[in-house]
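Trainee: Could you take me through one part of this model in detail, namely the site where the ligand is held? I would like a connected account rather than a list.

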Amino acid sequence: MYINSYIDTRGADVCEPLSFTQVIVKGIALGGGLFVPKVLPRLSLEEILGLARLPYHERAALLYRHFGVDMPFEQIRSLMHQAYADNFDTPDITPVRTVGDDIHVLELWHGPTLAFKDMALQCMPLFFSAALSALHEGGTSAAPYPPEVSGSSVDTPGKTPEGPTCISKEALENTASRRGETPRSADAREYLILVATSGDTGTAALAGFSHSNYTNIIVFYPQGGVSELQLRQMLSYSGSNVGVFGLRGNFDSCQHAVKGAFADVDFNHQLIQDYGIALSSANSINWGRLLPQIVYYVSAYAQMVANGQLKAGVELDVCVPTGNFGNILAAYYAAQIGTPIGRLLCASNTNRVLSDFINTGTYDITDRAFVLTPSPSMDILVSSNLERQLFELNGRDPVRIRKWMTDLATTKRFSVDRDTFAAMRRTFVADWASADESLATIKAVYESYGYLLDPHTAVGWQVAERLRGSNPVLLAATAHWSKFGADVYRGLAGLKAASPLPDELACLTGVELDTYIAKNYASAAAVPPSITALAEVDIQSAKVIGSGSGDVERCILDWLAQRRP
Ligand SMILES: *Cc1c(COP(=O)(O)O)cnc(C)c1O
């Protein structure tokens, strides 16, 4: 079994190489860095095209083996078989539909919660549970790291004139040990997955984790920042290991508060001591969520060639409606490992900090208001996964990453150096679409092709039309239209964003509105059964808390106390 090890973007965990199962349980590195594989595999075009002969779950298993996942191949195959089965509404799992003139739509929304987050979150919790089971049963997969692969040196820049980048675990946990016992996640009997969501992650994480062994999950969403149907989806999960709470704030305050809970040593200590619980993350900073996303880009390329939608070896540009930068980063890695991908088209909505960054080299949120748009899952100002992308673009130099992230935390802006900017411009182009433009795109694409886009994918379509060059374009379709019925209706009816719906529609629930759209726009797909079922969910009982880390911590402690009488 080939086992790859992981390093982190801030160079703190490099002293002690970790395996795949270890990094998915850990989530984030000591010191706040994000994990990336020490070595990226390289596949030949033949190997990639050969994937088309296999069902989706076998493609995923093979790619995991290439990435050196530390589990027996038979176990990987069986987990993948579970992850990508009839929980998706098509055996293709991620079909590619040619819609426009050389615009090919990669439909990533065929999973149980109808958004692309399912691609990772139907898969990652199975690997997470398997890693924990192995720990509990003293099995092999998360056992101490095999010494022969632990590697004596790290082949990324480890030392610099400023001093060693290798911060010892002891140094980082010093604060904790001064207070006595170090809170060690190894002592945990159970895990608590904390999720900050702008809508889709929460639902998909609940779908993935609510039945897992040894795990609890609490989801925090910005009150008023998610669609009615997303809220119904989240509140439809119940059970003693599940909590769902609204926060008075926007997605960034949600993410900030949850990060605060992760970083609070005393709080983590208390959870271990009183409840035997360690925190973990299902947000897209977890490598376990990124790897399944790399799979669908490689798979899509093979599938398109097999379908005759693309000639073998021809470069494909990929356009991704972007928020936390996870999905587009996965396309970047797919290209790095050998998929013939040309440019990456980064599409933003009005919260266009990312597209401005790609165009200027300066990430600046000093004077940027957070705007609610029809594409809420892209309403983000601090994109966590950008850190991984910059690490790859700057030659894997943790020293500059630490500087940029410190600049961002203290001055709310940072600028990358000239070489990193040049590297970024070689791969990425970026633009944004306003709320009204994205709604108009829904109408235009529907009228030209009879195909219904959700508002996130519509942002991507608009930007793809503007930035496309001579290569064919693969557009990542990130959600099914029925999750965002009100804005889809506004688009189809030619209404402006945020304008009131006509009286006879304003009184409908989300499910009823979707049914109306499906009936009146005859060639649009029917409302999926999982949406119809949400009519029963009570959303009046949603619990709402303040948006500070203290509020989040108190909420968690209350929830734990109530959970155990
Ligand atoms: C999460 C999400 C996005 C943004 O994806 P990132 O990986 O965070 O860039 C876009 N569209 C939809 C529908 C989503 O749920």
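**The ligand and the domains around it**

Mentor: In this predicted model, the centres of domain 1 and domain 3, taken over C-alpha atoms, are separated by 27 Å. The contact between these two domains draws on 17 residues of domain 1 and 23 residues of domain 3. The domain assignment places domain 1 at 94-112 + 291-481, domain 2 at 113-140 + 176-283 + 539-565, and domain 3 at 482-527. For the ligand, the pair to consider is domain 1 and domain 2: both give residues to the shell around the ligand, so the ligand lies between them.

That shell consists of 15 residues, of which Lys117, Asp200, Gly323, Asn324 and Thr478 are the closest. Sorted by class, the shell has 8 polar, 5 nonpolar and 2 charged residues.

Turning to individual atoms, an oxygen atom of the ligand lies 2.7 Å from a polar backbone atom of Gly323, and an oxygen atom of the ligand is also found 3.2 Å from a polar backbone atom of Gly326. With Thr478 the side chain takes part, since an N or O atom there is 2.8 Å from a nitrogen atom of the ligand. Taken alone, the ligand would expose 380 Å², and the protein buries 97% of that area. As for the space that holds the ligand, it is the largest cavity.

Terms used: Residues are numbered from 1 along each chain as its sequence is written. This is a predicted model: local features need pLDDT of at least 70, side-chain atom pairs count only at pLDDT 80 or more; totals for chains, interfaces and linings use all residues. Side-chain values use heavy atoms; hydrogens and water are left out. A residue is near a molecule or strand if one of its heavy atoms lies within 4 Å of it. A polar contact is a pair of N or O atoms within 3.5 Å; within protein, one must be able to donate a hydrogen and the other to accept it, and residues adjacent in sequence count only if both atoms are side-chain atoms. Accessible areas come from the Shrake-Rupley method with a 1.4 Å probe; for residues, only the protein chains shown count as cover. On a 1 Å grid over the protein atoms alone, a cavity is a set of points where a 1.4 Å probe fits but cannot get out, and a pocket is an open set with protein on both sides within 12 Å along at least five of seven lines; lining residues have an atom within 4 Å of a point. A molecule sits in a cavity or pocket if more than half of its atoms lie within 2 Å of its grid points. Ala, Val, Leu, Ile, Met, Phe, Trp, Tyr, Cys and Pro count as nonpolar, Asp, Glu, Lys and Arg as charged, and the others, Gly among them, as polar. Domain bounds come from an automatic or database domain assignment. Contact means heavy atoms within 4.5 Å.
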